[in-house]
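Subject: Structure handover

Hi,

Here is the structure for you to open. My notes on what turned up follow below it.

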Amino acid sequence: MSELPSVEKYKKKIAERAFQAYKCMDCGAVIAPPLGVCYACGGSKMTWTSVSGKGKLVSFTVIHVAPDEFVAEAPYFVAIVELDEGARVAARLAGFDPLKPQEVKLGTRLVLDYVQGKSGKTYLAFRPA
């Protein structure tokens, strides 16, 4: 049965260290975070799906001046990771020194991980495979 997508459930799964994406039941596209419709075919029948947790680094930036909620965590990386299933997700990048971004290479193979911020909040993250 299709369940309405919910960013709150997506965040809850990350907080529980049980990351899942959404899968279109019409075309099989994997989407994360969940949307109301499939961006590949426009279908609206979706279901939660497990993913491999593997992907590659597509883009990244280092946050030096963070919003108030994250000031204590700066500097930190925010990355775009393309999962092997095709979805692109925004996540923290772990395993690199944010003061040495020149050492990070696009295309680096990554694996799913989680990081806990100084606030105690758990974030989706990826680290080198």
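Start at Leu 124. Leaving out residues up to four places away in sequence, Leu 124 touches Tyr 10, Ile 14, Phe 19, Val 89, Ala 90, Ala 91, Arg 92, Leu 112, Asp 113 and Tyr 114. Contact here means heavy atoms within 4.5 Å.

Before you go further: this is a predicted model, where local features need pLDDT of at least 70 and side-chain atom pairs count only at pLDDT 80 or more, while totals for chains, interfaces and linings use all residues. Residues are numbered from 1 along each chain as its sequence is written, and side-chain values use heavy atoms, with hydrogens and water left out.

Leu 124 is also one of the residues with the most contacts inside the largest nonpolar core, which has 29 residues. The others listed are Tyr 10, Phe 19, Leu 83, Val 89, Leu 93 and Phe 126. Such a core is a set of buried Ala, Val, Leu, Ile, Met, Phe, Trp, Tyr and Cys residues joined through side-chain atoms within 4.5 Å. Strand S5 (residues 76-83) gives the most to this core, with 4 residues.

Now Arg 92, in strand S6. Is Arg 92 buried or exposed? Arg 92 counts as buried because its relative accessibility is 11%. (Buried means under 20% relative accessible area, exposed over 50%, partly exposed in between, with a 1.4 Å probe and protein chains only.) The side chains of Arg 92 and Glu 73 share a polar contact of 2.8 Å. That term covers a pair of N or O atoms within 3.5 Å; within protein, one must be able to donate a hydrogen and the other to accept it, and residues adjacent in sequence count only if both atoms are side-chain atoms.

Next, the sheet. 5 strands close into a barrel in the order S4-S5-S6-S8-S7, with mixed pairing. Strands (E, at least two residues) and helices (H or I, at least four) are DSSP runs, numbered from the N terminus. Two strands pair if DSSP finds at least two bridges between them.

- S7 (residues 109-116) and S8 (residues 122-128) run antiparallel, joined by 7 bridges. Val 115 stands opposite Tyr 123 in S8.
- S4 (residues 54-63) and S7 are antiparallel too, with 3 bridges. Lys 56 has Arg 109 in S7 as its bridge partner.
- S4 and S5 pair in the antiparallel sense over 8 bridges. Gly 55 is partnered by Leu 83 in S5.

Best wishes
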